[in-house]
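Subject: The structure I promised you

Hello,

Here is the structure for you to look through. Open it beside this email, and then read on for what turned up.

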Amino acid sequence: MDFDPSDDQRLLVESVSRLLADNYSFAQRKTYLARPAGYSAEMWSKFAELGLLGLPFAEEYGGFGGGAQEVMLVMQAFGRVLVLEPFLATVVLGGTAIRTAGSAAQQQTLLPAVAEGRLKLAFAHGERQARYDLTDVVTTAKRNGGGGWVLDGSKTVVSHGEAAERLIVSARTSGDRYDEDGITLFLVDAAAQGVARRGYATRDETRAADVSLSNAPGEVLGEIGQGLAIIEKIVEAGIAATAAETVGAMEAMNEMTLEYSKTRVQFGQPIGSYQVVQHRLADMFMAQEQGRSMAMLATMSVDNADDAERRHDFALAKVGVGQSGRYVSQSAVQMHGGIGMTEEYAVGHYFRRCMVIERLFGDPAYYLQRLANEIA
Amino acid sequence: MDLHFTTEEIAFRQEVRAFIRDNLPADIHAKMKLGNGPGKEDTVRWQRILNANGWAGLSWPKEWGGPGWTAIQKMIFLEENQMAPAPELSSFNITMIGPVLLQFGTEAQKQRFLPRAANLDDWWCQGFSEPGAGSDLASLKTAAKQDGDHYVVNGQKIWTSTAHHADWCFLLARTNPNARKRQEGISFLLVDMKTPGITVRPIISIDGSHHLNEVFFDDVRVPLNMRVHEENKGWDVAKFLLGNERTGIARLGKSRERVNASIDLAHKVNMNGQPLIADAAFRQRVAQLQVEMKALEITQYRVVSAHDKAGGGRPDPLSSVLKVKGTELLQATTELAVDVAGPMATPVWAEELAAMNESDELLEAGSASTGSYLFLRAASIYGGTNEIQKNILTKAVLGL
């Protein structure tokens, strides 16, 4: 076991941190939010220049050749400043789908385009009735007679669904709701006839969309009927990445709260001189470190070939990071007092991002239930 | 970064597990599996078996009989030994006085004490706390005045674990009452418990056991060559001792063992007409503990791995996280065992009950669970209370 980043990984973190230090102050971020897309196209280009958009792709596809550890390090840096750009949706979720299930031709066409910043992806899997159940898919796909496929149904809260040029959509090609077999993934051109998107803001200030598909053309991604295993891979990559993002957000909130406790004076002293405040800060630090350990667990589990152990460890990590993030968020607002309640101040924005992340790919209660079911 | 155990580490775990399985005396194992603590003789017997295999020295260098393990291997050993469950190594001998003598002791002190400490030929106890010096240890009053080639020690120690078993005591005494700072007038002494003037009085703890003691020193003569490190520099030794080996303090294996025992027992007791193991609330509670044990496990490996790389040295403030989270878990897992036992957690398994019941496993396990639940309320108090650990974090990490 060795928890220190390699020299290359250190360099990666340094260059990402430098880019964000120059371009991602809370005030700069506000200007990105005001853009029509809700994020900065210039930043997206800068990520591409730095090689981040091809981070987990093989070099033959214009990628950086990184793995789950590199994604963890970058997502942690992103979490510290609340990056708005669709990196998770495009590179982590979309990228995992294509890397895991794409044919050689699909990878050759799509991955370099993603790496160069020319193509954005979104993962359109969740449906209104499904909550967190991955097998609850009622969107259907059938052959159109000409050798192709068409999809019917609707997907909800598709992260960055408006920005994406291609959607990765799950649909039933056989079987019934909840069946593990019979789900297939499709690449759907977002501009195609029969695809309608309705965008809206989510609480973390990013954008999501509801997608309705009506006789919409789709191209099969992976094996027909065997989409669930790919969906799991996508979700696991997402859990690992957002766990790291949560760690970054916790670091930022803890630093902010510590700083505030040194400067905010009440009863003639900085509030950080009061032990009741100090102990809360110590608790927040402990939660951050336990959360960091769990984010590491998620990262090391991404490539674990033992299905049962991998699922178990992801469940542990999702619960642990979610609970840590919730504790630190709530405490950070509390320690700030009134100012922590304001839109103007940063801490509440971190709170909301952590709250949204907690609900991506299943919440702690959902995974705790899964763990509980395993006990024998 | 490599977040996985190496194949050597996995093989090492197998080796340790097999050795314990093949060598732990059956009577000790049976007794501990029910949740009982080991007696003095059990601890001595097991530590000697480990020592004969070269394993008792844990972190000591090979020349002094240590196994030469990496910090990760050490953690694996501790975890397996606790999970077995087997008696733990005497922490006073192995993780306190041993490393202190290795760091500060004279050659004569090392020769005389280390081999006997490893083999538990000498049982050591720790004379730090006093009635007026708990968390504020530097306010201690026990005095050592020089008289020829001896110190004369007068004062009182309290909460002295296993002093009634002990052959030797390492203690802190004030050698300079006029020092500018309280910490600067303290020396670290080694005291033979058979020296005239020492009185040990039992303190019975809330679990009904005799583990703690008061120790009184009346004109106890201690040879000058039984001082460790320079005179008035005992605080440095104490800080080293308290900072050393904090990584083992989480006792994660013990928590895991308690959870496993609770799961076993939950198959045998009922809740609303079905085995407790089928109860959703029980299962959720176990799941939550699994989450916390996993987080602690990884944090623990992060701390020891960093410690290994730095070649020891200053204690990592993260070890305060291990102390707080580890002891919270110990308390939560022993609490779980008590709740599983239900009404069977209330009787005291003593001779009168044993005489009435032909070996009742549930009753004995219930009683033993309550014993460790009660005893481990001390876990968040000893070794620096959890509140003190948060003070340490506040200063060391947060800089407040």
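Start where the two chains meet: 32 residues of chain B are in contact with 31 residues of chain A. Please keep in mind throughout that this is a predicted model. On the chain B side, α9 (280–309), α10 and α13 (386–396) each supply at least two of the residues that touch chain A. Which of these elements gives the most? That is α9(B), with 15 residues. Sorted by class, the chain B side of this meeting place has 19 nonpolar, 7 polar and 6 charged residues.

One of those helices, α10(B), is worth a second look. It covers residues 318–341, and at 1.5 Å a residue its 24 residues should span 34 Å; the C-alpha atoms at its ends are 35 Å apart, so the two values agree. Is α10(B) mostly covered or mostly open? It is mostly covered, as 19 of its 24 residues are buried. Just after the helix comes B:G342, which takes a positive phi of about 60°.

Now for chain B as a whole. Its secondary structure comes to 13 helices and 10 strands. The radius of gyration is 22 Å, close to the 21 Å that the globule rule gives for 400 residues, so chain B is as compact as a globular protein of that length. Along its principal axes, the C-alpha trace spans about 75 × 55 × 45 Å. Of the 400 residues in chain B, 47% are buried. If you take the contacts in chain B with a separation of 6 or more, 72% of them are between residues 24 or more positions apart.

The domain assignment splits chain B into domain 1 (7–89), domain 2 (124–232) and domain 3 (245–396). The C-alpha centres of domain 1 and domain 3 of chain B lie 19 Å apart, and 16 residues of domain 1 are in contact with 22 residues of domain 3. The domain 1 side of that contact has 7 nonpolar, 7 polar and 2 charged residues.

While you are in domain 1 of chain B, find the peptide bond between B:A84 and B:P85. It is cis, with omega at about -10°. B:P85 is found in the loop between α4 (71–83) and α5 (91–104) of chain B.

Next, chain A. You should be able to pick out 11 helices and 9 strands there. Its radius of gyration is 21 Å, close to the 21 Å from the globule rule for 376 residues, so chain A too is as compact as a globular protein of its length. The C-alpha trace of chain A spans about 80 × 50 × 40 Å along its principal axes, and 52% of its 376 residues count as buried. Among contacts in chain A between residues at least 6 apart in sequence, 73% join residues at least 24 apart.

Chain A is divided into domain 1 (7–115), domain 2 (121–225) and domain 3 (229–374). How many residues of domain 1 of chain A are in contact with domain 3 of chain A? There are 19, and they meet 24 residues of domain 3. The elements giving two or more residues to the domain 1 side are α4 (68–81) and α5 (87–101) of chain A, and α4(A) gives the most, with 10 residues. By class, that side has 13 nonpolar, 5 polar and 1 charged residues.

There is also a hairpin to look at in chain A. Strands β6 (residues 195–201) and β7 (residues 207–221) run antiparallel and are joined by 7 bridges. For one of the pairs, start at A:G199: its bridge partner in β7(A) is A:A209. The hairpin has 5 residues between its strands, and A:E205 in the turn has a positive phi of about 75°.

Finally, two residues of chain A make a nice pair to compare. A:V157 has a positive phi of about 45° although it is not a glycine, and A:H160, also not a glycine, has a positive phi of about 55°. A:V157 sits in strand β3 (residues 149–159) of chain A, while A:H160 lies in the loop between β3 and β4 (166–172). Which one is buried? A:H160 is buried, with 27 other C-beta atoms within 10 Å, whereas A:V157 has 19 C-beta neighbours inside 10 Å and so counts as partly exposed; the cut-off for buried is 20 or more.

Happy exploring!

Notes: Residues numbered from 1 in each chain as written. Chains lettered and ligands numbered in written order. Predicted model: local features only at pLDDT ≥ 70, side-chain atom pairs only at ≥ 80, totals over all residues. Helix = DSSP H or I, 4+ residues; strand = E, 2+ residues; numbered from the N terminus. Rg over C-alpha atoms; globule rule 2.2 N^0.38 Å. Buried ≥ 20, exposed ≤ 12 C-beta atoms within 10 Å, placed from the backbone. Contact = placed C-beta atoms within 7 Å. Expected span 1.5 Å × (residues − 1). Domains from an automatic or database assignment. Nonpolar A, V, L, I, M, F, W, Y, C, P; charged D, E, K, R; others polar. Pairing = 2+ DSSP bridges.
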